[in-house]
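Q: Please take a close look at the ligand site in this model. Start with the annotated spans and the backbone, and state each cut-off as you go.

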Amino acid sequence: MRNKTYKHMYHIFGKKGWVNDPNGSCYYDGKYHIFYQYAPDYPESALKYWGHVSSEDMIHWEDNGIALRPDIPQDKDGVYSGTAFCDDGKMELFYTGNVKHPGNHDYILTGREQNVIYLSSDDGYNFSEKELLMTNEDFPKSMGLHVRDPKVWKENDKYYMFLGARSVDDKASMLFFESDDKKNWQLYKEYTPSAQLGYMFECPDYFEVDGVKAIGGCPQGMDSQEYKFMNMYQSGYFILNETTIHSSNEELEKDITVENFKEWDMGFDFYAPQVFTTPEGKKIIIGWAGVPDAPYDNAKSLEEGFEHSLTLFREISYDSDKKIFKTYPIKGYEELRKEEKEVLLTDDKKKVTLDSSFDLEAKATGKAQIVFSDTEGNKDLVFAFKDGVCELKFLNETGCKRDVRRAKVEKVENVRIFMDQSIIEIYVNGGEVVFTSRYYPNDDNIVATFDGFYEVNAYSLEEIDY
Ligand code: FRU
């Protein structure tokens, strides 16, 4: 029996309402700032605001409430996603103002307006008046009305803006603008890749990790494969091996391919991440632990009036052998460990009874399996590795329609697993493969049984005061 809350203890979430994409993630004036898509009145209304939290260490957070509201005609139906640019001394925010017309909003050519809006802050907490920078009229005619989620950066004294788009012929597309002053933007390049990336490219990103540059983003409508692209929509990156972001479209075709698109997280729930830089130059990724249009209507957290969270903060590193980015929780979460749990050995298997907020580390030998059950032995969830395939499989209806996610991986050497009341994050081989999923255990405790693992260490975690 579950008596405890499903509300998270150390993940960023809205105590009431719905959360989706992280927005404006940055380090500014001595603090990390994370904004996020927030619908405080969900499920009555999904009108999006920007919630705001800030922190000195990315572990302990201060809730700063709502930062941006849909209060001008150009964002009246939602302060949609956007990014922060802090390289010129101020915190400057660029986001999409969403306007819906009556009727269906999902048509390509009718139903909505998407505007690029700007504001700035000198302290990270108080913002200037909103300024409208671009409307659909400023976007090329080859694009439909879905053009959103600006990412801005500076290179050789020029500013660039990257927007995700849906072309009139229904293909995932990328738009690039340039500017000398961040206010007046000229079209620099429009690119509709010939790779099968579906119909829409959301939340574009551009970043460099360990000298390797990449385009990130969320294509909607890619075809699922047996071991990849199994989530509702995808979220990943294209490493620019042979090209730069300034290459011609023809050149870019070498790198923007389905084969070269790597997922950040194998699911079930990961989307719309942002990459930002710490003062020491580390690259951090934070995502939404959810995916648009996935079945969350029976999620158990709704009974408590909230839905979704952001993921843990993950440091990105480049693995030059595998030619992928690994992502692993930043150092610091260990501070939240309050009690080491006793690991017992029964029938050759290690077993530990955990609270529903825990951090565990385990090393594996070959074929390996972890079964998560309630205290009466009813199995909920299995993480297994066999014959080059890792699998996360739900055995019951866990209050959030789940089945299975798979990933190919040569071998499993270690896993680190974080659970926080109703979200689980599984990091395989230091972040080579990651699975993030909503998980609503039916009991206050979870029993984990390990087969093929040695050196299991598990800790219950304390709540952050936020
Ligand atoms: C991605 C997304 C963005 C949009 C926002 C609206 O999850 O659809 O493209 O700006 O969410 O909440």
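A: Residues 401–446 are 57% strand and 0% helix, with their end C-alpha atoms 19 Å apart. Strands are DSSP runs of E, at least two residues; helices are runs of H or I, at least four; both are numbered from the N terminus. This is a predicted model, where local features need pLDDT of at least 70, side-chain atom pairs need pLDDT 80 or more, and totals for chains, interfaces and linings use all residues. Residues are numbered from 1 along each chain as its sequence is written, and side-chain values use heavy atoms, without hydrogens or water.

The unreviewed UniProt entry annotates 401–446 as "domain: Glycosyl hydrolase family 32 C-terminal". It also gives "domain: Glycosyl hydrolase family 32 N-terminal" for residues 11–326. Such annotations may be inferred rather than shown by experiment. The 11–326 span is 48% strand and 1% helix. Its end C-alpha atoms lie 21 Å apart.

Now the backbone. Tyr-42 and Pro-43 are joined by a cis peptide bond, omega near 5 degrees. Pro-43 is in the loop between β2 (31–39) and β3 (49–55). The bond from Gly-267 to Phe-268 is also cis, with omega about 15 degrees. Phe-268 lies in the loop between β16 (261–263) and β17 (271–277). Lys-182 is not a glycine, yet its phi is positive, about 65 degrees. Its loop runs between β11 (172–179) and β12 (186–191).

Next, the ligand. Its shell holds 13 residues, each with a heavy atom within 4 Å. The closest are Asp-21, Gln-37, Arg-148, Asp-149 and Glu-202. By class, the shell has five charged, five nonpolar and three polar residues. Here Asp, Glu, Lys and Arg count as charged; Ala, Val, Leu, Ile, Met, Phe, Trp, Tyr, Cys and Pro as nonpolar; the others, including Gly, as polar.

Polar contacts (N or O pairs within 3.5 Å) reach ligand oxygen atoms. From Gln-37, a polar side-chain atom is 2.6 Å from one. For Asn-20, a side-chain N or O atom is 3.0 Å from a ligand oxygen. For Lys-48, the distance is 3.1 Å. Alone, the ligand exposes 320 Å², and the protein buries 93% of that (Shrake-Rupley, 1.4 Å probe).

The ligand sits in the largest pocket. Sitting there requires more than half of its atoms within 2 Å of the pocket's grid points. A pocket is an open set of points on a 1 Å grid over the protein atoms alone, with protein on both sides within 12 Å along at least five of seven lines. Four elements each give two or more residues to the shell: β1 (17–28), β5 (79–85), β9 (143–155) and β13 (200–209).

Terms used
A polar contact is a pair of N or O atoms within 3.5 Å; within protein, one must be able to donate a hydrogen and the other to accept it, and residues adjacent in sequence count only if both atoms are side-chain atoms. On a 1 Å grid over the protein atoms alone, a cavity is a set of points where a 1.4 Å probe fits but cannot get out, and a pocket is an open set with protein on both sides within 12 Å along at least five of seven lines; lining residues have an atom within 4 Å of a point.
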